[in-house]
Amino acid sequence: MQAQRLNLMLDSVARLARRGAMSNAVNLLTKLRPVDIAQILSQLPQHESETIFEALVRHELGKAAETLSEMETARAVALLIKLNQEDVSRLLQELPSDDATVLVAELPEEIRDELLDRMKIEHSTVVNELLGFGEETAGRIMTPDYFALDEDVTVSEAVTALQRRSEEFEMAFYLYVVDSRNHLLGVVSLRQLLLNSPSTPLRKIMIGDVIKVTTDTDQEEVARMVATYNLLAVPVVDEENKLAGIITVDDIIDIMREEATEDIYALAGVEADDRALGSPMNSVRRRLPWLMLSLGAALIAVAVVQYYVATIESVIWLAVLIPVVATMGSNAATQTMTVVVRGIGLGELGWETSRRVVVKEALVGLVNGLIVGVAVCLIVTIWFWAKLGSARYGSMLGGVLGVTMMLSLFVAGTLGTLIPVLLKRFKVDPALASSVFVVAFTDVITFFFYFGIATLLLKKFKL
């Protein structure tokens, strides 16, 4: 029902935009939730979404800011760049500081400095502080708006303070207990405030063993921690254990979605800002480098095949079976690589456990290779026996392909595990680089096996 409603709204907004009736389009959009507006704008052509968003900024600044928070970063930045500096600075001041920091960080440097100068000093100061932390760290994505009180404050005083200051916080899931120098001592859930006596001091009911992260913790590690311990927010401390900010679950969900998107795109050799409704030329620019790199890897395999031209000329039917050789090895490597990269991304697989995983995936490849090898050996033997009328010739081709499949899938399982683990060890994104290396090495080694075994049989049996 909701999807149908949004599709109808999308059609209506698109028609109004094409007619130039921007005020009517904005009136329709303002009746929707910000996340729905963001979805509609993302499905419109770039020019139309820019025009409509500009009109939304003029008529409903608060709604425009909330919509911006619900968008993917790349899309939001593309809309901001088309606005004048004054509108952008007003928009950023409406956003929570952590969301504003994410967007400002992605803007061109010359625009960024001018925007910060235009913003009110209290907003620009916070954004500048967050920009001082490393990219994709807890410090960069945290919000400095948190609810913290001294350990000697009573439950009654804490409830009163929360009621009085509720508008200061983006989300108040927990009450953090600190000392006079803002060192993090413990945490109290809002439920605990309601269940304890009003005169009870916070130090008596707080949980002292706080699950926390430091400002330089990688954002993926923060996401794993929140997911593991089912937290609604996680506190961020500096090197002195002073509370610097918090990261809320809504930001964690955005991080997990972005990281998952990056990994999926990277495995396919596509950059994360390539979108189905985006510019054709942008897609060409993003995809072409990886295609050229894949072409280079494929040419290495061609060099291997060329080395065995004499073998192919002697048994031309070997060339007919090349697609089977190349496809099965690549598919097996992709299967293993996908499982391993996911394991690395979720923190399930590290350098310490990699040996066990390599052995396991090599064994899986060997067993699958044995089964596939026997099947393809029988199929090819019968096929060529029927086609050429020679059982000896058919069994030779079937045997070559069967043994090659067994060795190829074993190699695919081993390399599909080993290469991502090694890349991670050397601090290279395994999702970004694994696909090209794993598939290329698997193809090259598989062709060596295939034509090497065939050449040995030719010499031995003088076929």
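**Terms set against values**

Me: Why is Phe384 called buried?
Reply: Phe384 has a relative accessibility of 0%, and buried means under 20% relative accessible area, with exposed over 50% and partly exposed in between (1.4 Å probe, protein chains only). Phe384 is therefore buried. The model is predicted, so local features need pLDDT of at least 70 and side-chain atom pairs count only at pLDDT 80 or more, while totals for chains, interfaces and linings use all residues. Residues are numbered from 1 along each chain as its sequence is written, and side-chain values use heavy atoms, with hydrogens and water left out.

Me: What is the mean pLDDT of the protein chain, and which elements have the lowest and the highest mean?
Reply: On this scale of the predictor's confidence in each residue, from 0 to 100, the chain has a mean of 83, and 90% of its residues reach 70 or more. Helix α16 (residues 249-267) has the lowest mean pLDDT among the elements, 74, and strand β4 (residues 213-214) the highest, 95. Such elements are DSSP runs numbered from the N terminus: helices are H or I of at least four residues, strands E of at least two.

Me: What makes the contact of Arg58 with Glu54 a salt bridge?
Reply: The N to O distance between the side chains is 3.8 Å. A salt bridge needs a side-chain nitrogen of Lys or Arg within 4 Å of a carboxyl oxygen of Asp or Glu, so the pair qualifies. Both residues lie in helix α4 (residues 46-59), four residues apart, about one turn of the helix. Arg58 is exposed at 52% relative accessible area, whereas Glu54, at 31%, is partly exposed.

Me: How many salt bridges does this rule give?
Reply: The count is eight. Among them is the bridge between Glu114 and Arg118, at 3.5 Å from N to O. Glu114 and Arg118 are four residues apart in helix α9 (residues 109-118), about one helical turn. Glu114 is partly exposed at 36%, and Arg118 is partly exposed at 39%.

Me: Where do Glu221 and Arg224 lie, and what is their N to O distance?
Reply: They lie in helix α15 (residues 219-229), three residues apart, about one turn of the helix. Their side chains form a salt bridge at 2.9 Å. Glu221 has 33% relative accessibility and counts as partly exposed; Arg224, with 23%, is also partly exposed. Elsewhere, salt bridges with shared partners join Glu86, Glu114 and Arg118 into one network.

Me: Which residues of α15 are buried, and how do you know that they share a side?
Reply: Gln219, Val222, Ala223, Met225 and Val226 are buried. They cover an arc of only 160° around the axis, which puts them on the same side of α15; the arc is that of the directions from the helix axis to the C-beta atoms.

Me: What makes Asp218 a cap of α15?
Reply: A side-chain oxygen of Asp218 lies 2.8 Å from the backbone nitrogen of Glu220, at the N-terminal end of α15. After α15 comes Asn230, with a positive phi near 55°.

Me: Why are β4 and β6 called edges of their sheet?
Reply: The sheet is open and has three strands in the order β4-β5-β6, with mixed pairing. β4 and β6 (243-248) each have a single partner strand, so one side of each is without a neighbour in the sheet. Two strands pair if DSSP finds at least two bridges between them; β4 and β5 (residues 233-237) have two, in the parallel sense. Thr214 stands opposite Val237 in β5.

Me: How many aromatic pairs are found in the whole structure, and why is the pair of Trp383 and Phe384 called tilted?
Reply: The search finds seven. One pair, Tyr174 and Tyr176, has its centres 6.4 Å apart and 65° between the planes, and is edge-to-face. Rings of Phe, Tyr and Trp (its six-membered ring) pair with centres within 6.5 Å; planes under 30 degrees apart are stacked, over 60 edge-to-face, and the rest tilted. Tyr174 is buried at 18%, as is Tyr176 at 2%. The rings of Trp383 and Phe384 have centres 5.3 Å apart and planes at 35°, so this pair is tilted. Trp383 is partly exposed at 47%, whereas Phe384 is buried at 0%. Ring pairs also link Tyr307, Tyr308, Phe447, Tyr450 and Phe451 into a cluster.

Technical notes:
Polar contact = N/O pair within 3.5 Å; in protein donor to acceptor, adjacent residues only side chain to side chain.
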